[in-house]
Amino acid sequence: MATLVSQPPFLNFSSMIDDIVFSTNDENGVLVLELVCGGVTQTIMEETLYSSVDGSVVVGDLASLVEPYARKYLSVWMNCSFRDSSGTASITQVVILFGMVDVGTTAADFVANHFLSTLDGEKMTALGRAERIHAYNVSAVTVRADVLLANGQYNTLSAELTSADHEGSVYHFDVSPDNVISLIGLIGGRLLGYTVEAGSRRQDFRMVEDLVPPAPSLLFINSFGYEEFLHCVGTHKKDSKYDRKQARIGGRLRNYRVTEDRQLHANTGWLNEAMADWADELFRSESVFLWVNGVVGREVVLSDSKSEITNDDDNMPAFEFTYTYSQRIHNVMQSGRVARIFDNTFDRTFN
């Protein structure tokens, strides 16, 4: 008779899923593996499998099987059954969250103690910057803000922030400094830093002052499939290369095709240790967009990056990378910018 020997726990990340093991007295049986994606059941595998000499049937490498579906839907349910001549054994339904990272603990422990980010420490931010956090199975967080009041006194103000958006059991929160100031009702004072808490989850933000606006600000999809922002404050450069096709037409040399390849070079600026570890999330992301004037801009592709961290006492990491527009046409018109020397990637200070 088919018997379930072991299965993954209830909650898993797509990068780390334990094998499913059945046992049987028969030579073979039919295995059915299903995923519930967005409310629709999809059969991933339905095959006759033969047992090993000890009567076990092992369904392994589940991470490779479910990863494309978890990447698309971010959260899926997995069902699996094995049927031999004497009966059917089934697993208890399993939840799989998209997560291409080794968190060093169980998925259940991680989501109970962390927001869905690899950032493990303080994040530097400033007025005008966008910030997002995401939490599993939590619809409200507490924001504790350290402020300098208009009367010169220091105080800590607290407020609850309720999520206005969620995908299944994952809730999204706008924790941008400007939104925090509005949330706590700070008028005439100064926000020094703030902490976002939900149970054991905690994320600290420290306010810094931008001498010039970030260039660029990038929105990227992190290792858990959700939006995060990296705001670069180092040197920003651009250069364009042109591939010209020439021929003599009517006795005159002509450029009959000119293709522009615009390359932009950015520097993150100095990062603290936690942000330096986390910044690699941008470099490994498959979806990156410019963030311009509070809205999602054009999609870009990182073509080169340099991220080095040392254990020197005076180490102040700052990463350089090159990116380009993903679209074919790189002759991008900068609308609403009349008589500017530089484009939207540069601050008006340069003009």
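In this predicted model, the side chains of Glu286 and Arg71 come together in a salt bridge, with 3.6 Å from N to O. Glu286 sits in the loop between helix H5 (280-284) and strand E22 (288-292), while Arg71 belongs to helix H1, so the pair ties together parts that are 215 residues apart in sequence. The two partners can be placed by their accessibility: Glu286 is exposed, with a relative accessible area of 63%, and Arg71 is partly exposed at 35%.

This pair belongs to a set of 12 salt bridges found in a search of the whole structure. Another of them joins Arg132 and Asp174, whose closest N and O atoms are 3.2 Å apart. Here too distant parts of the chain are linked, since Arg132 lies in strand E11 (residues 132-136) and Asp174 in strand E15 (residues 170-174), 42 residues apart. Arg132 is partly exposed, with a relative accessible area of 22%, and Asp174 is also partly exposed, at 31%. Within helix H5, the side chains of Glu281 and Arg284 meet in a salt bridge of 2.7 Å, N to O. These residues are 3 apart in the helix, so about one helical turn separates them. Glu281 is buried, with a relative accessible area of 1%. In addition, Arg144, Glu197, Arg202 and Asp204 are connected in a network of salt bridges.

Helix H1, the home of Arg71, spans residues 62-73 and also contains Ala63. Setting aside residues up to four places away in sequence, Ala63 touches Ser14, Ser15 and Ile17. Between the C-alpha atoms of Ala63 and Arg83, which are 20 residues apart along the chain, the separation is 23 Å.

The next element to consider is strand E7 (residues 75-84), which pairs with strand E4 (residues 28-37) in the antiparallel sense through 7 bridges. In this pairing, Leu31 stands opposite Phe82 of E7. E7 is also joined to strand E9 (residues 94-97) by 4 bridges, again antiparallel, and the bridge partner of Trp77 in E9 is Val95. A further antiparallel pairing, over 4 bridges, connects E7 with strand E8 (residues 87-90). Asp84 stands opposite Gly87 in E8, and the two strands E7 and E8 form a hairpin with 2 residues between them.

Further along the chain, 7 strands make up an open, antiparallel sheet in the order E19-E18-E22-E23-E24-E21-E20. Strands E19 (227-231) and E20 (237-249) stand at the edges, each with a single partner strand, so one side of each has no neighbour in the sheet. On average, neighbouring strands of this sheet are turned by 35° against each other, direction ignored. At one edge, strand E18 (residues 217-221) runs antiparallel to E19 and is joined to it by 5 bridges, with Leu218 opposite Leu230 of E19.

Taken as a whole, the protein has 5 helices and 24 strands. Its radius of gyration is 26 Å, whereas a compact globule of 351 residues would have a value near 20 Å. The C-alpha atoms fill a box of roughly 80 × 80 × 45 Å along the principal axes. Of the 351 residues, 43% are buried. Among contacts between residues at least 6 apart in sequence, 64% join residues at least 24 apart. The protein exposes about 18700 Å², with carbon and sulfur atoms supplying 46% of that area.

Definitions and conventions: Residues numbered from 1 in each chain as written. Predicted model: local features only at pLDDT ≥ 70, side-chain atom pairs only at ≥ 80, totals over all residues. Heavy atoms only, no water. Contact = heavy atoms within 4.5 Å. Pairing = 2+ DSSP bridges. Axes fitted to C-alpha atoms, helices over the stretch in contact; angles between N-to-C directions. Rg over C-alpha atoms; globule rule 2.2 N^0.38 Å. Buried < 20%, exposed > 50% of the residue type's maximum accessible area, 1.4 Å probe, protein only. Areas by Shrake-Rupley, 256 points an atom, 1.4 Å probe, with all protein chains shown as cover. Salt bridge = Lys/Arg side-chain N within 4 Å of Asp/Glu carboxyl O.
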